[in-house]
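Subject: Structure for you to look at

Hi,

Here is the structure I promised to pass on. Please open it beside this email, and then read on at your own pace.

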Amino acid sequence: MPDVKISDSPAQLDQILRPLGITRSSRNYRVLCECVALICEQEDRLEAVQKEIYTPISDQRHCKWSAIQSAVRRAAEKAWALNPEGVQQLAGYPLTGAPSAVQFLEMLYNTVVRG
């Protein structure tokens, strides 16, 4: 797997999120960017999301890890409400409802890696 850095192409994640209704003015946009950046640094972080992704970001933001998880979950729910077809396309498999926070992060990461 190539070493992917989200900072190499800041517009890349924006192009993925914008059609889903998540724009730079959204509160959750920055959190999603930080989460995906951590996953891009080390894909294995997806195996321990609370410890490896939510907690480091919450420490930086001086909040609880559950607030980061909630922000990701709200973004996933918003994307599902506004563009379920787009979310299905990102997933690459059928969904019966909004993806979980972890599923959404994995979908975003996979899309960034695939280009």
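Below is what I found in it, going from the whole chain down to single residues. Please keep in mind that this is a predicted model.

The overall picture

The chain is built from six helices and has zero strands. Starting at the N terminus, the order of elements is α-α-α-α-α-α. The radius of gyration is 13 Å, close to the 13 Å that the globule rule gives for 115 residues, so the chain is as compact as a globular protein of that length. If you want a feel for the dimensions, the C-alpha trace spans about 35 × 30 × 25 Å along its principal axes.

Of the 115 residues, 45% are buried. Among contacts with a separation of 6 or more, 57% are between residues 24 or more positions apart. The chain exposes about 6400 Å², and 48% of that comes from carbon and sulfur atoms. As for charge, there are 13 positive and 13 negative side chains, and the centres of these two sets lie 9 Å apart.

Two helices to compare by eye

Helix H2 (residues 27–41) is mostly covered, with 12 of its 15 residues buried. The buried set includes the cysteines Cys33, Cys35 and Cys40. Glu34 and Asn28 are also among the buried residues of H2, as are Tyr29 and Ile39.

Now turn to helix H5 (residues 84–91), where the buried residues are Gly86, Val87, Leu90 and Ala91. Looking down the axis of H5, these buried residues fall within an arc of 140 degrees, so they line one face of the helix. An α-helix has 3.6 residues a turn, so residues three or four places apart point the same way. Glu85 and Gln89 are exposed, on the face of H5 turned away from its buried side. Just after H5 comes Gly92, with a positive phi near 80 degrees.

A few residues worth clicking on

- Thr111 sits in helix H6 (residues 101–114). Its relative accessible area is 12%, under the 20% cut-off, so Thr111 counts as buried. Beyond its neighbours within four places in sequence, Thr111 is in contact with Gln12, Ile16 and Leu90. Leu90 is one of the buried residues of H5.

- Lys51 belongs to helix H3 (residues 49–61). With a relative accessible area of 62%, Lys51 is exposed. Lys51 and Ala98 are 47 residues apart in sequence, and their C-alpha atoms are 23 Å apart in space.

- Pro19 is in the loop between helix H1 (10–17) and H2. Pro19 and Leu82 are 63 residues apart along the chain, with 8.9 Å between their C-alpha atoms. Setting aside neighbours within four places in sequence, Pro19 is in contact with Asp14 and Asn83.

- His62 lies in the loop between H3 and helix H4 (65–82). Its phi is positive, near 55 degrees, in a residue other than glycine. Is His62 buried or exposed? With a relative accessible area of 73%, His62 is exposed.

If you only have a few minutes, I would suggest the view down the axis of H5, with its buried residues on one face and Glu85 and Gln89 on the face turned away.

Best wishes

Definitions and conventions
Residues numbered from 1 in each chain as written. Predicted model: local features only at pLDDT ≥ 70, side-chain atom pairs only at ≥ 80, totals over all residues. Heavy atoms only, no water. Helix = DSSP H or I, 4+ residues; strand = E, 2+ residues; numbered from the N terminus. Rg over C-alpha atoms; globule rule 2.2 N^0.38 Å. Buried < 20%, exposed > 50% of the residue type's maximum accessible area, 1.4 Å probe, protein only. Contact = heavy atoms within 4.5 Å. Areas by Shrake-Rupley, 256 points an atom, 1.4 Å probe, with all protein chains shown as cover. Lys, Arg positive; Asp, Glu negative; His and termini not counted. Charge placed at Lys NZ, Arg CZ, Asp CG, Glu CD. Arc of directions from axis to C-beta.
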